[in-house]
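This report goes through a structure for a reader at the bench, from the overall make-up of one chain to individual residues. Please keep the sequence and the structure in view while reading.

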Amino acid sequence: MNKIIEAAIDDVIDKSDCPMDFKSTFKRYVKNVFNNKRMENDLKRAISFLEEKGDEEP
Amino acid sequence: MKMSILGIEYKNIRKIADLKLLFTDSAGKVIKNTFIMMANGTGKTTTMVLLKGVLDGKASEWEAEEVKSFAPIGRKADTGEFNVTVQFDDKQYKYFLYLDYWRGVATIKTTTIEIGGQERGRHFPNPLKDIFTSEFVRRFIFDGEQVKKSMDSNSNEAEETIKYLYCLDKLDNIIADNQKILAEIQDAEGTTGSNGSLSNLRTRQRRFLDIKRNLEKKAEKLRKNIEECQKEQTDKMAQRDTLDRKYKELSETKQEILKEQQHNEDQINAQILEILRLVKSPYLICAEFSERMYELADGMTKLKLPKNISKDFFVELADSKTCVCGREIGEKERKIILEGANRYLGSDKQAILNVLKSSLKGSLYDEGLLKSFDELKELCEEGNRLQTRLNNNAEKLLAAGGEEAFQLNEEINKLREKIVVAESKLEIIESKDESNEELTDTNNLYKAELEYKDYEEKIAAATKTQEALYKKMVVETLLLNIRKKATAELKKEIIRKTNEKLQKVITDDLIEVESIDRYIKLKGKDAASEGQTLGIAYCFLGTLFEDADLEFPFVIDSPTGKMDFDKRKAVADIIPEVFNQMIAFVQSAEVEHFANKFYDRPDTQFLTIIASPKENDVEIYEGIEFFDSYQRDNKGDGQNAF
């Protein structure tokens, strides 16, 4: 995939306040979409790592 | 992955009874550059429409009338066929478009070695199955006029081209999946405690989803309509231009006036910039302002400012027997005043007041602004005179051109009106102007979207799925930020590379891309000449084609249009470098200094298609010789080059 797009995906997700598990799963999922390997369940799996509102990591 | 078009074939389509165009050599290798000269009326525009229709799949949605419009004229045929053979890396796919003129139905089928027979619909290699949308296809199969749109301030073509060629629209697919996941959760939760109000909320939310979809369809239709009208308008204007050229003197006067108008417009813009610079100094606006400012400085001197509001003032005051308010100052008060004096102006603040005072004293009025306004007035008057001369000249040209010119003029005006109406309808759908009272949640996308989101929150509250909604919002925000960041970074790189190419293409003027914000903006220039515009657009497109993940062919109708000879040469040098395969449909006027620059290139073929002496058919001639002699004999065919 395009290096600039890949770097943007890494940068935005890494700088977010989301849990680490979510970050790595979601990053992989978005990159897979760009590499045409999209699986809908992967998105559900990534979302499951998001914590409830107010419980996010600092 | 690399995509190439190996050939196209027509059977019973308009003037073509049977025609096959191959873009490979005798060994089956893809020929890098193909120039096809199709005489007027032999199917150039039809070919572009069919190619787009097959590759984006829209042909199967054509209305019956549209399908029937491809039927041969003066020849009986109930069906027609168009097929295109495409190679993705080393795999071949053949797409068939069957046209049933009797029923008005178009059907697309695909065959590959893997499939064996023909399968309904379009099939692509797995990694590409989602990307062949009409937005994507029209960015590598298009006409010269469309190229210029990336420079048009009324269009967001440049931004959209980046989005589709770099497949950033894939992020929209994730946003849609994310939305679907929330809907599934809410559906599951909703069934447990279903009630009338929840169902009501869902109905209302669905209503706004329908409104949004309808508005998007309407907007798409309007955009297509505007594009078609603009194309037709350009064609008519070119015809009018050709007609005008018959009246040499009047035509030359018109060109002179247009040149003077351009110069006048540049001068007006420069004068406005100068006035804006001058009004930033208020004392230059009028003598009274300057006098008042001088008086203020004078007053400050009389009041011994800033000295008198400094610490010294309070120290002096502490020494006095009475205060400025008339009360006596005793020991206690003296002590408090001296303690408080430290809070007042120190030397740093005094320095600011001193600078202020001296700059007020130096604010001397002069008549520079007045002169600038006078000059602007003169330039505007000159602009009006030029417009009157142009109108008079246009009337004379119209009279000289007779019925044909009047007819063309009327058609151009009607098209202009249609464009204005369609643009204003599109503006209502796409505007985000909250102060516009004309916009409602049923005629405006933004307002419908707000309503939709509002119901989304209400449903989340009713189904107790606020957490799911929150997670959906987190994911959506991340995706939107990724798109924003990726677009911004891609633009920086595209601008850098485009400017590198521009230095080679436009050598007689300093043209540099400053930014891409919906469209391409130039550094220090509001506009470029028509030839420069095409040059800039090709450098921009070339950069995108170079950097995109998928290498695809570049199919273009009238690539150079009105580009002048020098720039044609430069574009001819650039095209082979940036496009892996080019198929160009050219007019005879585009051969000189463009197509003929490829005569010595080994990896190039030249095809000429002309009407057959037999009725209602065409003939194809291969090779440079016929191609070159045809263009010499038919230079007036189509647009004239400048």
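In chain B of this predicted model, 73% of the contacts with a separation of 6 or more join residues that are 24 or more positions apart. The chain holds 18 helices and 14 strands, and of its 642 residues 29% are buried.

Among the strands of chain B, six form an open sheet in the order β2-β1-β4-β5-β6-β7, and their pairing is antiparallel. The edges are taken by β2 and β7 (119-120) of chain B, each of which has a single partner strand, so that one side of each is left without a neighbour in the sheet. Within this sheet, β1(B) pairs with strand β4 (residues 79-88) of chain B in the antiparallel sense over eight bridges, and Ile8(B) has Val84(B) in β4(B) as its bridge partner.

Strand β1 (residues 3-13) of chain B also contains Asn12(B), a residue other than glycine whose phi is nevertheless positive, near 55°. Asn12(B) counts as buried because it has 20 C-beta neighbours inside 10 Å, which meets the cut-off of 20 or more. Arg14(B) lies in the loop between β1 and β2 (16-22) of chain B, and although Arg14(B) is not a glycine, its phi is positive too, at about 45°. Arg14(B) has 19 C-beta neighbours inside 10 Å and therefore counts as partly exposed.

Positive phi values are also found after two helices of chain B, at Gly57(B) just after α1(B) and at Cys167(B), which follows α5(B). The table collects these residues with their places and phi values.

| Residue | Place | Phi |
|---|---|---|
| Asn12(B) | strand β1 (residues 3-13) of chain B | near 55° |
| Arg14(B) | loop between β1 and β2 (16-22) of chain B | about 45° |
| Gly57(B) | just after α1(B) | about 80° |
| Cys167(B) | following α5(B) | near 55° |

The two helices themselves can be described in turn. Helix α1 (residues 44-55) of chain B has twelve residues and spans 17 Å from its first C-alpha to its last, which is close to the 16 Å expected at 1.5 Å a residue. Its buried residues are Lys44(B), Thr47(B), Leu50(B), Leu51(B), Gly53(B), Val54(B) and Leu55(B). Helix α5 (residues 157-165) of chain B is mostly covered, with seven of its nine residues buried; the buried residues of α5(B) include the charged residues Glu157(B) and Lys163(B), along with Ala158(B), Thr161(B), Ile162(B), Tyr164(B) and Leu165(B).

The largest nonpolar core has 107 residues, and those with the most contacts inside it are Phe35(B), Ile36(B), Val54(B), Ile482(B) and Ile536(B). The largest share of this core comes from α15(B), which supplies ten residues. Leaving out residues up to four places away in sequence, Phe35(B) touches Ala584(B), Val586(B), Ala595(B), Phe598(B), Phe606(B) and Phe627(B). There is also a second, separate core of six residues, which includes Leu182(B), Ala460(B), Ala468(B) and Leu469(B).

Where does chain B meet chain A? In the model, 24 residues of chain B are in contact with 22 residues of chain A. On the side of chain B that touches chain A, α6 (170-192) and α15 (466-505) of chain B each supply at least two residues, and α15(B) gives the most, with 13 residues. By residue type, the side of chain B that touches chain A divides into twelve nonpolar, four polar and eight charged residues.

A further site of interest is Tyr294(B), placed in helix α9 (residues 287-302) of chain B. Tyr294(B) is partly exposed, because 17 other C-beta atoms lie within 10 Å. Its C-alpha is 9.5 Å from that of Ser358(B), a residue 64 positions apart from Tyr294(B) in sequence. With its neighbours within four places in sequence left aside, Tyr294(B) is in contact with Leu360(B), Lys361(B) and Ser363(B).

A word on confidence is needed for the partner chain. Chain A averages a pLDDT of 84, and 84% of the residues score at least 70. Among the elements of chain A, the lowest mean pLDDT, 86, belongs to helix α3 (residues 40-48) of chain A, and the highest, 94, to helix α1 (residues 3-15) of chain A. Where pLDDT is low, the predicted coordinates should not be read in detail.

Note on methods: Residues are numbered from 1 along each chain as its sequence is written. Chains are lettered from A and ligands numbered from 1 in the order in which they are written. This is a predicted model: local features need pLDDT of at least 70, side-chain atom pairs count only at pLDDT 80 or more; totals for chains, interfaces and linings use all residues. Helices (H or I, at least four residues) and strands (E, at least two) are DSSP runs, numbered from the N terminus. A residue is buried if 20 or more other C-beta atoms lie within 10 Å of its own, exposed if 12 or fewer, and partly exposed in between; C-beta atoms are placed from the backbone. Two residues are in contact if their C-beta atoms, placed from the backbone, lie within 7 Å. Two strands pair if DSSP finds at least two bridges between them. The expected span of a helix is 1.5 Å times one less than its number of residues. A nonpolar core is a set of buried Ala, Val, Leu, Ile, Met, Phe, Trp, Tyr and Cys residues joined through C-beta atoms within 7 Å. pLDDT is the predictor's confidence in each residue, from 0 to 100.
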